[in-house]
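Colleague: I've got this model open and I'd like to push you on the labels. For each term you use, can you tell me what earns it?

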Amino acid sequence: MPTHTFRVNGETVRVDVENDVRLLWVLRDILGVRGPKYGCGINVCKACTSHINGKAFNPCAVPVGDLRPEDEVTTIEGLADTVEGDGLHPMQDAWIEHDVAQCGYCQPGQIMAAVDLVRRVKEEGRAISDADLDTLRNICRCGTYPRIRDAIRSGSEKM
Amino acid sequence: MTVDYSALGQRKVGRRRLLGYLVAAPTLAVAVRLASDANVPGHALTIPTPGLPADVFDLSDSQNYAAKPTAHLIWMEIREDGTVHFALPRTEVGQGIVTSTAMIIADELDVPLQDVHVTLADSRPELVMNQLTGGSNTTMSTYYPIRTAAAIARGALLEAAGLMLGGLTPTALHTDNGAVVAPDGRRIPYGDLAKDAAVDQTTEVEADLKPATDLKLVGTTVGRTDARAAVTGAKQFAMDIEVPNALPTMVCKPPTIKGTVRSVRNQAAVLEMPGVTHVAIIPTGVAVRARTFGQCIDAVRALDVDWAPGEIGSDSDEDVLARIRKAEIPMAVPEVPLLAKTVDTDFTFAFASNAPLDPDCAVADVRTGSAEIWASLKVPIVAQQELAEALGFPMDKVTVHVVQGGGSFGRRLFTDAAMDAALASQAMGAPVRLMWHRADACRQGRVHPMSTSRVRATVLGNDVLTYEQRHTSGRTDFGHGFGDIITASAAKLPVGDYSISQFIYLLTTGAHYNFGATTSLLDELTDRKLNTGAMRNIYSPNVAVARELTVDKIARTIGKDPYQFRRGHIRNDRLRTVLDRVAEAGRWGRSMPRHHGQGLGIHSEYHGHSACLVEIDASPATVNRDVRKAVTGPRVTKVVFAVDVGLVINRSGLKAQMMGGIMDAIAIVLTSSLHLKDGNFLEASWDNYAYTRQWNVPFDIEIHLVDSGIEEPGGAGEFGVPAAAAAVANAYWAATGNMPTHFPVNHSAPLHYEPYPYNPPVPPSPTSGLDHVK
């Protein structure tokens with residue numbers, strides 16, 4: 001069984017598992033990192049959205065064998081540590097301020113996708129628009145979408 | 001003729017004095033009956049005319065009433081660290097009842113909100129029908145019992161403090177922020193009193209609840225108590241719970257609905273696959289247990305199974321619709337004057353999926369002679385009964401832990417995934433963490449049945465003389481105990497000999513308008529070929545869409561403005577008030593561009609009233625906008641929603657529930673349905689079943705909470721859907737010029753996806769994840 005080395009939330013991890021097991025299951029079932037959620041397993045619902053080297057990706061669609069030792073995987077559990085200070089990430093604060101979550105199941109993925117959207121929009125030197133928000137594919141079956149939009153706008157001002 | 005709602009709607013009460021118990025325990029413990037007399041309206045048994053049954057005795061009353069004779073006690077305890085603990089015998093699935101319950105306790109007990117710890121009670125069979133989360137009933141049925149417990153605790157703390165302070169009477173003291181305060185300002189924290197306030201012998205006591213004017217937290221805006229856990233990934237759902245050796249397990253489901261396993265042809269080969277530990281046949285398929293869920297998916301795809309078919313054969317949507325048409329009962333309009341006009345409408349509603357995002361799942365550890373189950377179950381007692389029976393154990397050998405769910409929408413009323421988990425664990429002799437694949441949730445999970453709704457109204461001049469609605473539906477499975485609650489009170493109802501489904505229909509369907517002789521009836525098919533269940537708000541969204549479109553049609557027939565026509569015929573003042581609110585705030589009748597339109601809808605249920613105004617953009621540029629693998633179509637651009645639920649506990653939580661209901665409404669009217677084709681549902685993913693996504697979300701949403709001075713809480717969890725769905729349908733009509741008759745409006749359009757194969761039953765896990773990094 002091959003050994004895989006990569007970084008998760010700032011720590012180097014070594015995992016013995018077959019190459020083709022998707023990273024979502026390595027995180028959840030082997031490493032016990034359960035912030036990223038299963039919602040479809042085919043990169044559609046985006047509930048598992050996390051970051052690789054600072055950019056959004058969906059670990060349900062990445063064989064663990066594709067990871068390199070220097071790859072830094074950030075899950076919702078590690079998001080707050082990507083910013084200065086002891087507090088939460090500004091997007092997490094915005095989420096609490098707008099009381100966004102209902103059941104909360106999709107929220108780790110929503111927040112990770114939101115942080116990435118704001119990064120990309122800022123790189124283009126723009127402010128978040130409705131058209132940008134419309135590109136988010138993360139399902140929220142509770143339907144808290146309007147609060148997600150509000151929170152992303154608030155959070156983007158503090159990022 | 002108007003039914004007097006005042007008896008039901010207002011229920012004004014003065015200061016309440018209620019009974020409970022101080023329970024023998026090491027620290028202060030209090031118990032109350034879950035259903036207090038306060039929940040049962042005394043007027044419930046009188047028969048009004050000419051309203052429908054739901055106008056005087058609705059589903060909520062039925063649940064409250066059923067709870068009364070069987071209610072047992074619920075406990076609240078205060079520990080030496082000053083924290084308050086309460087195990088709520090209800091299930092949190094996102095609707096916010098843990099937060100609202102904590103608010104109610106904190107307010108009555110004068111304790112900081114963060115010191116109140118609300119957990120979910122395990123299954124408690126002694127509560128009989130009083131541990132069911134449904135019908136938007138939680139707050140209505142628990143508000144006074146929980147306040148009573150808190151008030152008794154507060155009284156005991158005052159008494160203990162009086163003794164500690166050398167014999168002061170409790171009336172000389174007051175409570176504030178987790179402490180008893182003496183006349184000289186000394187503060188004794190509750191934690192310091194928790195032992196002294198405890199009793200050796202359980203005693204019955206009376207408690208005075210605070211007058212409504214003294215409530216400071218109830219009725220304010222409070223964020224969810226688990227908000228931080230939700231945004232940091234710390235919140236645990238069933239699949240996140242650590243149970244030793246409970247390895248990932250999935251079920252290879254049949255390629256047909258309700259198919260069964262004849263044999264497995266390659267069990268040995270699958271057992272050799274990486275990570276796989278067990279393969280076992282269970283009644284719903286072939287269960288595989290492995291080190292990771294990814295390896296379960298691979299094993300499910302590799303299994304070669306000889307399947308026996310289910311009962312649905314090669315039926316498609318058209319076949320089910322034909323059976324429903326055959327079951328439709330004729331209209332029976334009373335005699336009306338010759339000059340009266342008849343308005344007929346006829347609507348069809350497609351199958352819909354109630355699947356939440358958190359999949360059907362459960363953890364099960366079945367040993368020799370006993371079992372422990374963890375799952376989000378809204379009727380845990382029925383689950384415990386069914387699991388015990390299936391496992392062959394006495395009921396008390398099965399422990400059911402209720403876990404917070406990631407949504408429910410009707411799905412978690414049933415025990416399907418917990419049953420798979422328990423039987424797999426038993427067959428394998430090992431603990432399992434069992435989850436359905438999304439494809440199974442769509443194709444093998446319960447569906448909200450197809451239905452038709454027909455209305456005939458007769459109109460003379462500006463008056464509606466008769467209104468007759470006939471709803472005909474596929475069978476809705478209420479076999480989760482909800483029906484038992486209804487039948488428990490059935491003998492008390494002013495209605496005749498009806499089935500459980502018909503009772504529920506009658507109890508949720510009121511007469512909203514003064515339309516003369518008014519009837520609304522349900523007929524359901526009886527076959528069990530499909531796995532069915534209710535979806536959020538059961539019949540009401542479809543019934544309301546049909547009713548409110550017909551109201552617009554009547555208004556158009558007699559040349560009246562739909563808003564003015566509604567407000568002239570509405571039976572209830574509170575309902576008229578919320579309608580007026582949305583018409584004013586939403587600027588009803590404002591000039592709209594071509595292909596845009598406004599629509600209205602109203603709905604009363606759960607002791608409350610709601611109205612909605614929707615604006616929609618059906619211009620070609622919007623309808624044809626391109627989003628990859630998605631349904632676009634007309635876009636709701638603005639929603640103004642007003643609701644009067646009586647007493648509001650948490651303004652933020654209530655608005656959240658209305659918001660979610662509005663998103664459901666947009667989905668069921670415009671975008672989301674299941675297609676039955678040749679004996680199977682086509683949809684197998686979130687990109688197939690087009691629930692509302694960000695590109696369908698209105699840009700502007702206003703939710704108005706209307707205060708009518710009612711001191712009693714109503715229901716909220718499902719209440720956002722019907723008025724909003726009706727308003728979306730009417731706005732669509734206004735924008736397109738065509739009254740929609742088939743829902744969702746895109747159901748007959750060409751599919752926006754290529755259906756996944758049925759065998760293997762789940763799609764492969766993709767490998768291209770890193771290619772999409774931007």
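Modeller: Sure, starting with pairing: two strands pair if DSSP finds at least two bridges between them. The elements are DSSP runs numbered from the N terminus, with helices being H or I over at least four residues and strands E over at least two. Bear in mind that this is a predicted model, where local features need pLDDT of at least 70, side-chain atom pairs count only at pLDDT 80 or more, and totals for chains, interfaces and linings use all residues. Residues count from 1 along each chain as its sequence is written, while chains are lettered from A and ligands numbered from 1 in written order.

Colleague: What makes β3 and β5 of chain A partners?

Modeller: There are 2 bridges between β3 (residues 50–52) and β5 (residues 72–74), and the two strands run antiparallel. The cut-off is at least two, so they count as a pair. A:Ile52, for instance, stands opposite A:Val73 in β5(A).

Colleague: And why are β2 and β4 of chain A said to stand at the edges of their sheet?

Modeller: Follow the strand order of this open, mixed sheet: β2-β1-β5-β3-β4 in chain A. β2 (11–16) and β4 (55–57) each have a single partner strand, so each has one side without a neighbour in the sheet. From one strand to the next, the twist averages 40°, where angles run from 0 to 180 degrees between N-to-C directions and axes are lines fitted to C-alpha atoms, for helices over the stretch in contact. Helix α4 (residues 107–123) packs on the sheet by touching β3 and β4 of chain A, and its direction makes about 140° with that of β4(A).

Colleague: "Touching" sounds loose. What makes a contact a contact?

Modeller: The C-beta atoms of the two residues, placed from the backbone, have to lie within 7 Å. By that rule the contact between the chains takes 56 residues from chain A and 60 residues from chain B. On chain A's side, the elements that give two or more residues are α1 (23–30), β4, α2 (76–79), α3 (90–97), α4, α5 (130–134) and α6 (145–158). The largest share, 4 residues, comes from α4(A). That side of chain A divides into 31 nonpolar, 12 polar and 13 charged residues, with Ala, Val, Leu, Ile, Met, Phe, Trp, Tyr, Cys and Pro counted as nonpolar, Asp, Glu, Lys and Arg as charged, and the others, Gly among them, as polar.

Colleague: Where do the domain boundaries in chain A come from?

Modeller: From an automatic or database domain assignment. It splits chain A into domain 1 (3–75) and domain 2 (84–158). Their centres, taken over C-alpha atoms, are 21 Å apart, and the contact takes 13 residues from domain 1 and 10 residues from domain 2. On the domain 1 side, β3 and β4 of chain A are the elements that give two or more residues.

Colleague: Over to chain B. Why is B:Ile282 called buried?

Modeller: It has 21 other C-beta atoms within 10 Å. Buried means 20 or more, exposed 12 or fewer and partly exposed in between, so B:Ile282 qualifies. B:Ile282 lies in strand β12 (residues 276–282), and beyond four places in sequence it touches B:Val251, B:Ala287, B:Asp420, B:Leu423, B:Ala424 and B:Ala427. Over the whole chain, 58% of the 774 residues are buried.

Colleague: What makes you say that side chains alternate along β1 of chain B?

Modeller: In that strand (residues 17–22), B:Leu18, B:Gly20 and B:Leu22 point to one face and are buried, whereas B:Arg17, B:Leu19 and B:Tyr21 point to the other and are not. On pairing, 6 bridges join β1(B) to β9 (residues 203–208), antiparallel, with B:Leu22 opposite B:Thr203. Another 2 bridges link β1(B) to β2 (residues 29–33), also antiparallel, and a hairpin through 6 residues connects β1(B) and β2(B).

Colleague: Last one: how does the radius of gyration of chain B sit against a compact globule?

Modeller: It agrees: chain B has 27 Å, and a compact globule of 774 residues would be near 28 Å. The radius is taken over C-alpha atoms, and the rule is 2.2 Å times the number of residues to the power 0.38. Those C-alpha atoms fill a box of roughly 80 × 75 × 55 Å along the principal axes.
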